[in-house]
Amino acid sequence: QVHLVESGGGWVQPGDSLRLSCAASGRPISSDTMGWFRQAPGQAREYVAGITWDSVRTRYTDSVKGRFAISRDNARNMLFLQMNGMKPEDTAVYYCVLGTGGLLDPYSFWGQGTQVTVSS
C-alpha cells in the first residue's frame with residue numbers, strides 16, 4: 001500500500017510559478033510510474049504529466065507542454081511538478097498518482113489533492 005500526500009498548492013497570479021510536491025510513504029516508489037492529474041470545477045479529471053521510474057521518459061498533456069516540468073527523487077520518495085507561466089485555466093485540484101505500469105496505463109494510487117488557483 002502506498003500513501004500519497006500533495007503539498008505546495010495555493011493562489012497565484014497569471015504568469016507566476018508554483019511547485020507542487022508529493023510525498024510517498026508505505027514502500028519505496030523507485031520502480032513505479034508516477035504522475036499528476038487535475039480536476040477543475042465541473043470538469044472531468046484530466047491527465048497532466050507522467051514520469052517513468054527512472055525519469056528517462058516523461059509525458060505531458062498539450063496544454064502544459066513547455067510550461068510544466070515533472071520530476072522525481074526516488075531516494076526521498078518524492079514527486080514534483082514545477083509549473084511556470086501559469087494561466088487561469090490551470091486552476092484545479094491537482095492529484096499525485098502512482099502506478100505499476102507504463103505512462104499510459106491506469107494509476108492505482110491517488111493522493112487527496114491540493115488546490116491550485118490562478119487569478120488576478
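Colleague: Two strands pair if DSSP finds at least two bridges between them. On that basis, in which sense do strand 3 and strand 8 pair, and over how many bridges?

Modeller: This is a predicted model, to be clear up front. Strand 3 and strand 8 run antiparallel, with six bridges. One residue pair to look at is serine 21, whose bridge partner in strand 8 is phenylalanine 80.

Colleague: Which other strand pairs with strand 8?

Modeller: Strand 7, residues 68-73, also pairs with strand 8. That pairing is antiparallel too, over six bridges. Find isoleucine 70 and you will see leucine 81 of strand 8 opposite.

Colleague: How many residues of strand 8 are buried?

Modeller: Five of the six, counting residues 78-83. Strand 8 is therefore largely enclosed by the rest of the structure.

Colleague: What sits between strand 7 and strand 8?

Modeller: The two form a hairpin with four residues between the strands. Asparagine 77 lies in that loop. Its phi is positive, about 55 degrees, although asparagine 77 is not a glycine.

Colleague: Is asparagine 77 buried or exposed?

Modeller: Buried. Its relative accessibility is 14%, and the cut-off for buried is under 20%.

Colleague: Which other residue that is not a glycine has a positive phi?

Modeller: Serine 55, with a phi of about 65 degrees. Look in the loop between strand 5 and strand 6. Serine 55 counts as partly exposed, because its relative accessibility is 35%.

Colleague: New topic. How many disulfides are there?

Modeller: One. Cysteine 22 and cysteine 96 form it, with 2.0 Å between the sulfur atoms.

Colleague: Which parts does that pair tie together?

Modeller: Cysteine 22 is in strand 3, residues 18-25, and cysteine 96 is in strand 9, residues 92-99. So the disulfide links parts that are 74 residues apart in sequence.

Colleague: Why is the disulfide called left-handed?

Modeller: Because the torsion about the S-S bond is about -75 degrees.

Colleague: Are the two cysteines buried or exposed?

Modeller: Buried. Cysteine 22 has a relative accessible area of 1%. For cysteine 96 the value is 0%.

Colleague: And what about strand 9 as a whole, how many of its residues are buried?

Modeller: Seven of the eight, so strand 9 is largely enclosed by the rest of the structure.

Colleague: Which strands pair with strand 9?

Modeller: Strand 4, strand 10 and strand 11 are among them. Strand 4, residues 33-39, is antiparallel to strand 9 over seven bridges. There, glutamine 39 stands opposite valine 93. Strand 11, residues 114-118, is antiparallel to strand 9 over three bridges. In that pairing valine 116 is the bridge partner of alanine 92.

Colleague: And how many bridges join strand 10 to strand 9?

Modeller: Two, again antiparallel, with strand 10 covering residues 109-110. Leucine 98 has phenylalanine 109 as its bridge partner.

Colleague: Back to strand 4. What does it pair with besides strand 9?

Modeller: Strand 5, residues 46-51, in the antiparallel sense over five bridges. Two glycines face up there: glycine 35 has glycine 50 as its bridge partner. Strand 4 and strand 5 form a hairpin with six residues between them. In the turn, glycine 42 has a positive phi of about 75 degrees. Strand 4 itself is mostly covered, with six of its seven residues buried.

Colleague: Now charges. Where does glutamate 6 lie, and is it buried or exposed?

Modeller: Glutamate 6 lies in strand 1, residues 3-7. It is buried, yet has no salt bridge. The nearest side chain of opposite charge is that of arginine 45, 8.6 Å away.

Colleague: What does the side chain of glutamate 6 reach?

Modeller: Two backbone nitrogens are within its reach. One is that of cysteine 96, at 2.8 Å. Another is that of glutamine 112, at 3.2 Å.

Colleague: Which residues is glutamate 6 in contact with, leaving aside neighbours within four places in sequence?

Modeller: The list includes both disulfide cysteines, Cys22 and Cys96. Ser21, Trp36, Tyr94 and Tyr95 are also among them. So are Gly111, Gln112, Gly113 and Thr114.

Methods
Residues numbered from 1 in each chain as written. Predicted model: local features only at pLDDT ≥ 70, side-chain atom pairs only at ≥ 80, totals over all residues. Heavy atoms only, no water. Disulfide = S-S within 2.5 Å. Buried < 20%, exposed > 50% of the residue type's maximum accessible area, 1.4 Å probe, protein only. Lys, Arg positive; Asp, Glu negative; His and termini not counted. Salt bridge = Lys/Arg side-chain N within 4 Å of Asp/Glu carboxyl O. Polar contact = N/O pair within 3.5 Å; in protein donor to acceptor, adjacent residues only side chain to side chain. Contact = heavy atoms within 4.5 Å.
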